[in-house]
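Please find below a colleague's note on the model. The points are meant to be read with the structure open.

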There are 2 protein chains.
Amino acid sequence: MADQPLPSWNEGPARSAILDFVARVTVEGGPDYVPPSERIATFDNDGTLWCEQPLQSQFFFAFDRLEELARKDPTLRERQPYKAFLERDIAAIHSLGKQAAFEVAFATHSGMTADEFATIARNWLMTARHPKLGVPFTQCVYRPQIELLSYLRANGFKIFIVSGGGIELIRAFAEDNYGVPPEQVIGSSVRLRFEGSGGRADLVRLSELNSFDDREVKPANIALHIGRRPILAFGNSDGDLAMLRYTLAGNGQRLALLLHHDDEEREFAYDREFRLSPLVEALDKAAEYGITVVGMKRSWKTVFPDGPPPS
Amino acid sequence: MADQPLPSWNEGPARSAILDFVARVTVEGGPDYVPPSERIATFDNDGTLWCEQPLQSQFFFAFDRLEELARKDPTLRERQPYKAFLERDIAAIHSLGKQAAFEVAFATHSGMTADEFATIARNWLMTARHPKLGVPFTQCVYRPQIELLSYLRANGFKIFIVSGGGIELIRAFAEDNYGVPPEQVIGSSVRLRFEGSGGRADLVRLSELNSFDDREVKPANIALHIGRRPILAFGNSDGDLAMLRYTLAGNGQRLALLLHHDDEEREFAYDREFRLSPLVEALDKAAEYGITVVGMKRSWKTVFPDGPPPS
């Protein structure tokens, strides 16, 4: 089995849908052939390529930085929304709503240059550990998805990450962990200001949001960054629904996949109640829209990289 | 000579600077080695890769569309800035200033979907001819630059276009003419709105500007789209100066090039007086910043693809 594609995927409808789709679009001269330049695949990150529970990694990253800021300005400990972050009050963070919570997280790193931020992000990822799984965040990626990315690349696909998370944080690990270079990462971003005085030529991060890359903004950012409609997209929440629908609405063969976290034993089970990134409409209308639901429990033999090797 | 790199470039300081730079960054184990993933090169488009006189192609594209709009709404013929466009009044268009003039050009295609616009742009490029050179716009690319793009790619560089022009118009020809796929084109853009009702899932172009990709915005968009600082950049106006300086300010070997249009006989001679995209500060401070000026007249054996073959 080890030389079969997608060894960590159980046989079943999800794996078959992927293998059938890739076979169809890569047969030269076949009716569904898609040239390599148009084999664009877009993946959400949090909850699709790695674990997003109990919070997206973005927040754990912000916690550490906020501690530093609070040492300089202790009044932050009494002011919301900072108080919730400093006390790791997950319920309070959830209650902020996704965009507001992310804006706080983004704002924690304003005033520094883009290069300084990238260094901080890389250093944090090397040392920080997931609070529940007890491993580095980079070990919280899903093994079946790493296999899927490799399989698609081997079949001429170009992979883009399209995430609501901060674009630079994802870029700090996407190349090493997913094989996706920075220029193929799309995410939420703050505005940058060029500063070119006195021999410097740097970009400074402002606290102003440039783009919150979620829901209807995802297809718009795909058009801005990629300029082509994907033929395959993979998400896990209502935040990905517009991207999945945009993908399916193009001509020719299309595949849209939706990961359903229904595996409390090996990972987490959640959908409607996860306020930071709920899965409601995409699940209810998956059949109507032609979206393939991938139940983690039945579809994946192994979830994490250090799980038992596929038999 | 034909199997030498850059056959349409004359021997001299510009060609030597390019060959020396590429040699240094590609010698594995050498002190200046740069891994392929970081060999990012950014090129301006109008006036750097193809002709921008008497106006950038964007405007000729807008003229044809405005004629259609004026047939439906004849009052446009009496209202500025449309009047200037409809009368091809180049002096009046220049007097608008670059961003204002471009905003008119961008606004001519609002309300249609991104896919419809891409089709219109491709069709226009297949039929439109340069008013002075009398050839299709796609024949107004510079042969020495096409050679340079190929040479850089052969040496492991990834090429991005970073243009003040409309991103979709460039994408409509960049792959066929430059070998640069849409996802490696950065340009000015309008906002897009996702429309997903009634089985549709499309992006509609709004008349609101998303980004005018000029001057200090170019480095910010490079960070947004690429996430890495280029090691080589090529421009031709003050609109490129921030990009050139941003490129030079990184660590290690860097090369910034500035095309100077000083060749009235074979192309055009202009710099300070071209109001839509003047070249003043970048020329005056090139030596101070370490920018290599490429005089077209002396540096290029041939300018256009149908010029005499390199001897």
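The numbered points below deal with the interface, the symmetry and the aromatic pairs.

1. Status. The model is predicted, and the values that follow are to be read as properties of that model.

2. Extent of the interface. Chain A and chain B meet through 35 residues from chain B and 35 residues from chain A. The area buried between the two chains is about 2900 Å². Carbon and sulfur atoms give 51% of that area. On the side of chain B, B:Glu183, B:Phe194 and B:Leu224 supply 23% of the area buried against chain A, more than any other three residues.

3. Polar and charged contacts. The count of salt bridges between chain B and chain A is 10. One of them joins the side chains of B:Asp115 and A:Arg229, with an N to O distance of 2.9 Å. Across the same interface, 26 residue pairs are in polar contact, where both residues have pLDDT 80 or more.

4. Elements that form the contact side of chain B. Three strands and three helices of chain B each supply at least two residues to the side that touches chain A: strands S2 (158-166), S3 (185-195) and S4 (202-211), and helices H8 (167-178), H9 (217-225) and H10 (241-248). H9(B) gives the most, with five residues. By residue type, the side of chain B that touches chain A divides into 16 nonpolar, eight polar and 11 charged residues.

5. Symmetry. A turn of 180° with a shift of 0.0 Å along the axis lays chain B on chain A, and the RMSD is 0.0 Å. The two copies are therefore related as by a two-fold rotation axis. Both copies use the same surface, since 100% of the contact residues of chain B recur in chain A. Which residue of chain B comes closest to the rotation axis? That residue is B:His225, with its C-alpha at 3.2 Å.

6. Aromatic pairs. Over all chains the count comes to 38 aromatic pairs. For A:Phe63 and A:Phe85, the ring centres are 5.9 Å apart and the planes stand at 75°, so this pair is edge-to-face; the cut-off for that class is over 60 degrees. A:Phe63 lies in helix H2 (residues 57-72) of chain A and A:Phe85 in helix H3 (residues 82-86) of chain A, so the pair ties together parts that are 22 residues apart in sequence.

Note on methods. Residues numbered from 1 in each chain as written. Chains lettered and ligands numbered in written order. Predicted model: local features only at pLDDT ≥ 70, side-chain atom pairs only at ≥ 80, totals over all residues. Heavy atoms only, no water. Contact = heavy atoms within 4.5 Å. Buried area = accessible area lost by both parts, 1.4 Å probe. Salt bridge = Lys/Arg side-chain N within 4 Å of Asp/Glu carboxyl O. Polar contact = N/O pair within 3.5 Å; in protein donor to acceptor, adjacent residues only side chain to side chain. Helix = DSSP H or I, 4+ residues; strand = E, 2+ residues; numbered from the N terminus. Nonpolar A, V, L, I, M, F, W, Y, C, P; charged D, E, K, R; others polar. Least-squares fit on C-alpha atoms with pLDDT ≥ 70 in both. Phe/Tyr/Trp six-rings, centres within 6.5 Å; stacked < 30°, edge-to-face > 60°.
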